[in-house]
Amino acid sequence: MNLKSQYASITMTQEIFHSSLPLHLESGEILPEFDLGYTTYGQLNTDRSNVIWVIHALTGDSNAQEWWSGLIGEDKFFDPADHFIICANLLGSCYGSTQPFSENPKTGKPYYYDFPQMTSRDLAAGLERLRVHLKIDSIHTLIGGSLGGQVGLEWAYTLGEKLRNTVILASTAKTRPWVIGFNETQRMAIESDCTWGENAESAGQKGLETARAIAMLTYRHPQDLERKQADSENKMDDYRASSYLRYQGQKLAKRFNALSYWTLSKTMDSHDLGRNRGGLDEALGQIEANVLAIGVDSDLLFLPSESQYISQKVKKGTYKEITSSAGHDAFLIEFEQLSYILKSFYLQQKSS
Ligand SMILES: CC(=O)SCCNC(=O)CCNC(=O)[C@H](O)C(C)(C)COP(=O)(O)OP(=O)(O)OC[C@H]1O[C@@H](n2cnc3c(N)ncnc32)[C@H](O)[C@@H]1OP(=O)(O)O
Ligand SMILES: N[C@@H](CCO)C(=O)O
């Protein structure tokens, strides 16, 4: 579907890529075939050197120009008039790619709880299959935050010199117990829903609301809630913070499903760039691309030190930090700082 924008030169496409070749997963399981829904903005230039590949986070979709509107779009830092911007819905997610509700070719029925566990390395392998299909031999920049940063690091490792720049935001090279713990509380909430276990797309949805409420506290910061959710002094119940978290839970449950959420939270947990590669330092040292790791000073989920570590252990690393009271989700909010950091990074590449 080609949607011409108001500027004749800028196109947007939304396609489904079908891979009929099996994907061999890290667990040893096999995904017999799969689909990836993807969105592109702009066009490839003559030497195909203007590819910006965006990787979304946990509940994201391929419409990067929507959820990252401050960074991607006409007259934004990544402008489709200059770049070919592509974003694919990650395997396991429910926005057009193969996921727990997809048909299992072996049974002719939805996978549901039989959907194979996938790691960030598997999700990167799925994106690699799409890259080859699209005949994209070189990627100018790979950029992703949180889970998107985990998948981005895995893909940067295998892309080698096919990738020039990698921008990893609010993420990590190996998921720590702190994050696994938060994800486990969210899965416990989903599993406590009496509908969990049913072969139905509505299974676990109330539990998902609670999971999202827990997650929102990891995506923000006490200062953020103090600023936006504080109540008047004499309040004794029905606090703004309570209704805010309940609202956010309901809002996610309207657009996402519990099985995809459960699946992708396990993907986040199992992320370890160094697994079967001689450890983290060895693996990070193999990445050929220029790496810009961006931390958020108030991030309580993926700590700034984890971004600093990435920049210190890769061959060509730069660390920058966003200053924000918003916490982890600042990578979705602080566009002025992000654009400035990116501009100085690319200028540094030009001068080196
Ligand atoms: C990288 C990716 O893949 S992104 C992943 C997919 N996308 C997402 O997760 C959504 C991304 N966007 C967001 O999370 C947010 O919009 C952000 C982070 C970009 C911006 O967050 P903020 O501007 O701080 O919005 P905030 O978290 O305060 O929520 C505002 C919403 O809560 C509502 N709200 C605020 N306070 C309360 C309250 N006390 N009670 C009830 N509702 C409330 C607002 O009405 C508003 O509703 P709306 O979203 O329907 O308009
Ligand atoms: N809030 C975003 C980023 C989480 O890391 C999401 O829901 O995916």
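1. Let's start with a pair in helix α4. The side chains of Glu184 and Arg187 come together in a salt bridge, with N and O 2.6 Å apart. Keep in mind that this is a predicted model. Both residues belong to α4, which covers residues 177-191, and they sit 3 residues apart, or about one turn of the helix.

2. How exposed or buried are the two ends of that bridge? Glu184 is partly exposed, at 32% relative accessible area, whereas Arg187 is buried, with a relative accessibility of 2%.

3. Next, have a look at helix α6, residues 222-229. Here Asp224 pairs with Arg227 in a salt bridge whose closest N and O atoms are 2.9 Å apart. The two are 3 residues apart in α6, so about one helical turn separates them. In this bridge the acid is the buried end: Asp224 has a relative accessible area of 2%, while Arg227 is exposed at 56%.

4. A little further along the chain, Asp231 bridges to Lys235, with the closest N and O atoms 3.1 Å apart. Asp231 is partly exposed at 22% relative accessibility. That value is not under 20%, the cut-off for buried, which is why Asp231 is not counted as buried. Lys235 is partly exposed too, with a relative accessible area of 31%.

5. Which residues are joined into one network by salt bridges that share partners? They are Glu26, Arg121, Glu154, Arg275 and Arg277. The count of salt bridges comes to 16.

6. Now for ligand 1. There are 20 residues around it, and the ones that come nearest are Lys228, Gln229, Tyr244, Tyr247 and Lys251. Two of these tyrosines make polar contacts through their side chains: Tyr244 has a polar side-chain atom 2.6 Å from an oxygen atom of ligand 1, and for Tyr247 the distance to a ligand 1 oxygen is 2.3 Å. Arg220 also takes part, with a side-chain N or O atom 2.8 Å from an oxygen of ligand 1.

7. How much of ligand 1 does the protein cover? On its own the ligand has 1,000 Å² of accessible area, and 67% of that is covered by the protein. Two elements, α6 and α7 (240-255), each give two or more residues to the shell. The largest share, 7 residues, is from α7. By type, the shell around ligand 1 splits into 7 nonpolar, 6 polar and 7 charged residues.

8. Where does ligand 1 lie relative to the domains? Domain 1 (2-175 + 272-351) and domain 2 (179-268) both give residues to its shell, so ligand 1 lies between them.

9. Ligand 2 has its own set of neighbours: Ala57, Leu58, Thr59, Ser146, Arg212, Tyr219, His328, Asp329, Phe331 and Leu332. Oxygen atoms of ligand 2 have polar contacts with both backbone and side chain. A polar backbone atom of Leu58 is 3.3 Å from a ligand 2 oxygen, and a side-chain N or O atom of Thr59 is 2.8 Å from one. On the nitrogen side, Asp329 places a polar side-chain atom 3.1 Å from a nitrogen atom of ligand 2. On its own, ligand 2 has 250 Å² of accessible area, and the protein covers 94% of that.

Definitions and conventions. Residues are numbered from 1 along each chain as its sequence is written. Chains are lettered from A and ligands numbered from 1 in the order in which they are written. This is a predicted model: local features need pLDDT of at least 70, side-chain atom pairs count only at pLDDT 80 or more; totals for chains, interfaces and linings use all residues. Side-chain values use heavy atoms; hydrogens and water are left out. A salt bridge is a side-chain nitrogen of Lys or Arg within 4 Å of a carboxyl oxygen of Asp or Glu. Helices (H or I, at least four residues) and strands (E, at least two) are DSSP runs, numbered from the N terminus. Buried means under 20% relative accessible area, exposed over 50%, partly exposed in between (1.4 Å probe, protein chains only). A residue is near a molecule or strand if one of its heavy atoms lies within 4 Å of it. A polar contact is a pair of N or O atoms within 3.5 Å; within protein, one must be able to donate a hydrogen and the other to accept it, and residues adjacent in sequence count only if both atoms are side-chain atoms. Accessible areas come from the Shrake-Rupley method with a 1.4 Å probe; for residues, only the protein chains shown count as cover. Ala, Val, Leu, Ile, Met, Phe, Trp, Tyr, Cys and Pro count as nonpolar, Asp, Glu, Lys and Arg as charged, and the others, Gly among them, as polar. Domain bounds come from an automatic or database domain assignment.
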